[in-house]
Amino acid sequence: MINPIPNVIIDILKKMTAHKFEAYLVGGCVRDLFLNKNKIISDWDITTSAKPEEIQELFSKSRYENKFFTVFVYPNDDQVKEVHITTFRREEKYLDRRHPEVVVFGNSIEEDLSRRDFTINALALKLSEPSEAKKGSTIIEVGSNYFEVVDIYQGLKDLKNKIIKTVGNPDKRFNEDALRLMRAVRLATQLHFEIDGDTFSSLQKNASLSQGIAVERIRDEFCKIIDSSEPDRGIELLRKVGLLQYIIPELLEGVNCLQNKHHIYDVYTHNLYSLKFAAYFGYNFEVRLAALLHDIGKPRVKKGEYPSATFYQHEIVGAKMTKEILTRLKFPKNTVDKVTHLVRYHLFYYDIGKVTEAGVRRFIRRVGLDNVKLLIQLRMAERKGSGVPKAKPYRLRHFEYMIDKVKKDPINVSMLKVDGYDVMKVLNIGPGPKVGLILSALLEEILTDPTLNERSYLIERIKKLAELSVEELKIKMQKIKEFQDKEDLELRKKHAI
């Protein structure tokens, strides 16, 4: 039994058949129908003997603007927005190992299926009455309709055995289109399948071909792996077949890089397991990516050996590496900035009774209130991924309580009851660095004691701070920062983080 097929798809197939054209459901939609995952299938592909202009004559709401003989048909249906109908074709001369140089009309479904990537994607379904089907063919009943299954490459067997296997010679398939290297790993990850032995060996042999793929295509497949339910397995597969060295080679620096008594895994495995638990907890894409990369800077700052190794400032180095990696992979700027920010501040320290409310306010000011929840999620994933939990979950719950308690207190200059115009008016000065420095100094006082955020008090403090020169104000703020950094560093050394 397979998943039901929407009536609109059945109607399209019947209409084409009525006009004496061969028409088959093909590709991922057929695979997913047989997997019976009870999910809504959004991509419907049909291959046919009809030429593009003949397809458009049948379906007025359509578009044809490509050299691959694919017509986009738009049925009037809420569930199925678009259907891809492609004339039988064959492809030749993949000179760039991605796009065929020659695409010509094919003559049969057999010829069309021979160009597919994997056996589980080389299945086809044709509307057919049992009496009309070819001798020896498999007939299945879907609703009130019958379909003949075209399975030349034993795709059903591989679906049953949960195997990813190329159609025909794997070296040839990967040399035709090198993106299939990534697709093999991505499909194995998403479907929880294993990769066939010969296909796996060919992946290892041809991994270097991935260097010729557009970065955007690599990134898109990589994102699907990260968004899957077992992204850690996908990353490890990328490593085993030799693809990871061409995508994020920096991750490999963590292999066999032992840590300290707070971790039982090397840096690479810890990053992998942190990603695993980020997915297990259902965290979003940015947190998952940050979990994978949060300790990527550790190998470059490591001092000493297990069990007493230290990794001071690895979050700073890691943030820089993260930005370089994601920029190289051409992620959107907002994703680069968000994930880099999470990596930079993932190493926050919190101990009940030792971190004050003022410290929590400064933390919110530093990382941004919108990022606090994400950082706590990242900490939970990292904690579980260490293999030796360092902090009781109660600490993080208490931290969330403290965040909730102080989040309405002033945490940035915009929340002060005076602003830059007040500073200029009181001191009778124009815009300049002194205005900003005075506001920053006022905020430091308010972060310590928010009850002081009263206009009358702040006006008097403006007058007092005005006695200091710009240089003196800069020195004052620098000393505050140095004191806070020193205090933070001492806490980290004490707790080996």
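I began with a cut-off, since the entries on single residues depend on it: a residue is exposed when its relative accessible area is over 50%, buried when under 20%, and partly exposed in between. I also note at the outset that this is a predicted model.

**Entry 1, Asn-256.** I looked up Asn-256 and found a phi near 65°, which is a positive value in a residue other than glycine. The residue sits in the loop that links helix H11 (244–247) with helix H12 (267–280). Is Asn-256 exposed or buried? Its relative accessibility is 65%, and therefore I entered Asn-256 as exposed.

**Entry 2, Lys-330.** A positive phi turned up at Lys-330 too, where the angle is near 60° and the residue is again not a glycine. I placed Lys-330 in the loop between H15 and helix H16 (333–344). Because its relative accessibility is 45%, I wrote Lys-330 down as partly exposed.

**Entry 3, Tyr-306 to Pro-307.** I then checked the peptide bond from Tyr-306 to Pro-307, which is cis, with omega near 10°. Pro-307 belongs to the loop between helix H14 (298–301) and helix H15 (314–328).

**Entry 4, Asp-337.** Within helix H16 I turned to Asp-337, whose relative accessibility is 34%, so that Asp-337 counts as partly exposed. Which side chain does the side chain of Asp-337 meet in a polar contact? I found that of Lys-333, at 2.6 Å. I also looked up Asp-337 against Lys-464: the two are 127 residues apart along the chain, and their C-alpha atoms are separated by 38 Å.

**Entry 5, the whole protein.** I noted 23 helices and 12 strands in the protein. The radius of gyration is 30 Å, whereas the globule rule gives 23 Å for 497 residues, and because the value is well over that figure I recorded the protein as more spread out than a compact globule. Along the principal axes, the C-alpha atoms fill a box of roughly 95 × 55 × 40 Å. Of the 497 residues, 51% are buried. Looking at contacts with a separation of 6 or more, I found that 68% of them join residues 24 or more positions apart.

**Entry 6, surface and charge.** The protein exposes about 24,400 Å², and I noted that carbon and sulfur atoms supply 49% of this area. How far apart do the centres of the positive and negative side chains lie? With 82 positive and 70 negative side chains in the protein, I found the centres of the two sets 5 Å apart.

Terms used: Residues are numbered from 1 along each chain as its sequence is written. This is a predicted model: local features need pLDDT of at least 70, side-chain atom pairs count only at pLDDT 80 or more; totals for chains, interfaces and linings use all residues. Side-chain values use heavy atoms; hydrogens and water are left out. Helices (H or I, at least four residues) and strands (E, at least two) are DSSP runs, numbered from the N terminus. Buried means under 20% relative accessible area, exposed over 50%, partly exposed in between (1.4 Å probe, protein chains only). A polar contact is a pair of N or O atoms within 3.5 Å; within protein, one must be able to donate a hydrogen and the other to accept it, and residues adjacent in sequence count only if both atoms are side-chain atoms. The radius of gyration is taken over C-alpha atoms; the globule rule is 2.2 Å times the number of residues to the power 0.38. Contact means heavy atoms within 4.5 Å. Accessible areas come from the Shrake-Rupley method with a 1.4 Å probe; for residues, only the protein chains shown count as cover. Lys and Arg count as positive and Asp and Glu as negative; His and the chain ends are not counted. The place of a charge is taken as NZ of Lys, CZ of Arg, CG of Asp or CD of Glu.
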